[in-house]
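Me: I've got a chain open on my screen and I'd like to talk it through with you. Can we go question by question, starting with the charged pairs?

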Amino acid sequence: MYRSEDHRTFAAPNENGMDVPGEQSASEVWTRVKRRLRAELGEDIFASWFGRLELDSVIEGCAYLTVPTRFLKSWIESHYADRVLAVYRSEAGDVERVSIGVRSTLGRDPAAQRRASEAPRPSSAPSMAMPSMNHEIKAPSAPSSNEERGEGGELGGAPLDPRLTFESFIVGRSNALAHAAADRVAHAQNGQAIYNPLYLHAGVGLGKTHLLHGIGHAVRAQGRRVIYLTADRFMYGFVASLKAQTSLAFKERLRGIDLLIIDDVQFIQGKQIQQEFGHTLNALIDAGRQIVIAADRPPADLENLDERVRSRLAGGLVVEVSALDEALRTSILTTRIEALKTIHPTFEVGPNVIAFVARSITANGRDLEGAVNRLLAHATLTNSAITLETAETAIRDLVRNREPKRVKIEDIQKLVASRYNVSRSDILSERRTAAVVKPRQIAMYLSKVLTLRSLPEIGRRFGGRDHTTVLHAVRKIEKALGEDHALSDEVELLKRMLQE
């Protein structure tokens, strides 16, 4: 057995990259566990709460699982932890316990995950986050009574962050249109709905959540009813109302507001939940109520959402928040440093260092905040001036993160197999049915485009095929991409999923 790069434990492959028969891999066990959970709990519940539950590793009798948000972690631990463990033990008797961590905070390190689950929770400390940074907010594990009956109205909406306002948002060329649209919606005359729905999409850390909170603050200051929800919160509210048999009251409360803000809409899953989401959109829009949506991609790329919902989302104003340009990154760094100087008067960073950091870190606002925090730590802990040399050392790990992800042929084969509902062994086999040939050719094409492997090497990794077979597959898919827009969109989605 060996530990793979992402810490999953697999059966050792042979020289051709194939799993050794007879030795059960952790990924195969986890696939069976998920299949049983889906059968026992039903498709809607499974899609809502377990669709993004992933296996990280199995170490010393503990299966380390991860989810993308604290909310999902809390919900699964509170309602389904015993069920998950029971199913897991029935499939793998050596698993004695299950630990659930949050990917966004613990990454893919099971040791860190274990430390976090065993360590006592520290008391809350003042945040060093600067209002102008594009800080994304995730919903807490469950709505408190204050949230349910306070500013969020009767429905358990997530609180608005007081730091994330229009005044603290730094406008640049890459986000000027999104900011202008958000400001127009927030200050519409007589509360009239415009650009309905307003749909903002961007990658991580580019400011879309900041704009959502800014809209919420501005509309609430006008005395109007506002609810801010993440996709997880919406699913939580709907499923909880079904269990409590209060779904009608849930719908009426949700449709009786002036502004509905939903973040991370790409995570809404489950056929019944998507239907209710679509009904809510239609009811609010038809009643002239404003809706603001944010996601990580445009509506047309939300392949998991119902087609009617995607059409409704695309019917308003769709605005992309693009990558931060260098001038905007410089402004964000300067503003952040000036704010910290009110707390640490001796913290000085020269314009040449700021320019260096702005040129070096291009991903998102979160990395810029991380860079400033590293510079502050160096200055306060060593009592030394910040120079270009020290700045380069401090932000080295952030700059390394700019390197593109290395895509492996095995990852391509597994993803394509999953998307087309075939097995990886089918893709590597000699089967020539249409259901297998198409995904096999797509996988070969992606291997040629996304890796540096030669055609003969790709052929060997696809069951020992000749390089001419690979070349034929690549040319056929290239031709089809120019003629079939649906296939082109599908392949682009696969590329993005592999590179993220």
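Me: Are E410 and R461 buried or exposed?

Reply: This is a predicted model, and in it the side chains of E410 and R461 meet in a salt bridge, 1.9 Å from N to O. To count as buried, a residue needs under 20% relative accessible area. Both E410 and R461 come out as buried.

Me: How many residues apart in sequence are the parts that this pair, E410 and R461, ties together?

Reply: The salt bridge joins the side chains of E410 and R461. E410 lies in helix α19 (residues 409-419) and R461 in helix α22, so the pair ties together parts whose separation in sequence is 51 residues.

Me: Which residue forms a salt bridge with E492?

Reply: Look within helix α24, where the two partners are 3 residues apart, about one helical turn. E492 itself is partly exposed, with a relative accessible area of 41%, while its partner is buried at 15%. The closest N and O atoms are 3.4 Å apart, and the partner is K495.

Me: What about E40 and R36: how far apart are N and O in their salt bridge?

Reply: E40 and R36 sit 4 residues apart in helix α1 (residues 26-41), so about one helical turn separates them. E40 counts as partly exposed at 40% relative accessibility, and R36 is partly exposed too, at 32%. Their side chains meet in a salt bridge with an N to O distance of 3.3 Å.

Me: Which residues are linked with R36 and E40 in a network of salt bridges?

Reply: Start from the pair itself, since the side chains of E40 and R36 meet in a salt bridge. The network takes in R36 and E40, and linked with them are R32, R83 and E91.

Me: And how many salt bridges does a search of the whole structure find?

Reply: To count, a side-chain nitrogen of Lys or Arg has to be within 4 Å of a carboxyl oxygen of Asp or Glu. The E410 and R461 pair passes at 1.9 Å, and E492 with K495 does so at 3.4 Å. Searching the whole structure gives 20.

Me: D367 has no salt bridge, so which side chain of opposite charge is nearest?

Reply: D367 is in helix α16 (residues 365-382), and it is buried. Leaving aside neighbours within four places in sequence, D367 is in contact with I361 and L398. A salt bridge needs N and O within 4 Å. The nearest side chain of opposite charge is 7.2 Å away, and it belongs to R374.

Me: Why do the buried residues V470, A473, V474, I477 and L481 lie on the same side of α23?

Reply: Helix α23 (residues 467-483) has 17 residues and reaches 25 Å from first C-alpha to last, close to the 24 Å expected. In α23, V470, A473, V474, I477 and L481 are buried. They lie on the same side of α23 because the arc they cover around the axis is only 100°.

Me: Which residues are exposed on the other side of α23?

Reply: The buried set in α23 includes V470 and L481, and what covers the buried residues includes α21 (434-450), α22 (455-461) and α24 (485-499). The other side of α23 has exposed residues, for which the cut-off is over 50% relative accessible area. They are R475, K479, G482 and E483.

Me: Last one: what percentage of the chain's residues count as buried?

Reply: The secondary structure of the chain comes to 24 helices and 10 strands. Its accessible surface is about 24400 Å², with 50% belonging to carbon and sulfur atoms. Of the 500 residues, the share that counts as buried is 48%.

Technical notes
Residues numbered from 1 in each chain as written. Predicted model: local features only at pLDDT ≥ 70, side-chain atom pairs only at ≥ 80, totals over all residues. Heavy atoms only, no water. Helix = DSSP H or I, 4+ residues; strand = E, 2+ residues; numbered from the N terminus. Buried < 20%, exposed > 50% of the residue type's maximum accessible area, 1.4 Å probe, protein only. Lys, Arg positive; Asp, Glu negative; His and termini not counted. Contact = heavy atoms within 4.5 Å. Expected span 1.5 Å × (residues − 1). Arc of directions from axis to C-beta. Areas by Shrake-Rupley, 256 points an atom, 1.4 Å probe, with all protein chains shown as cover.
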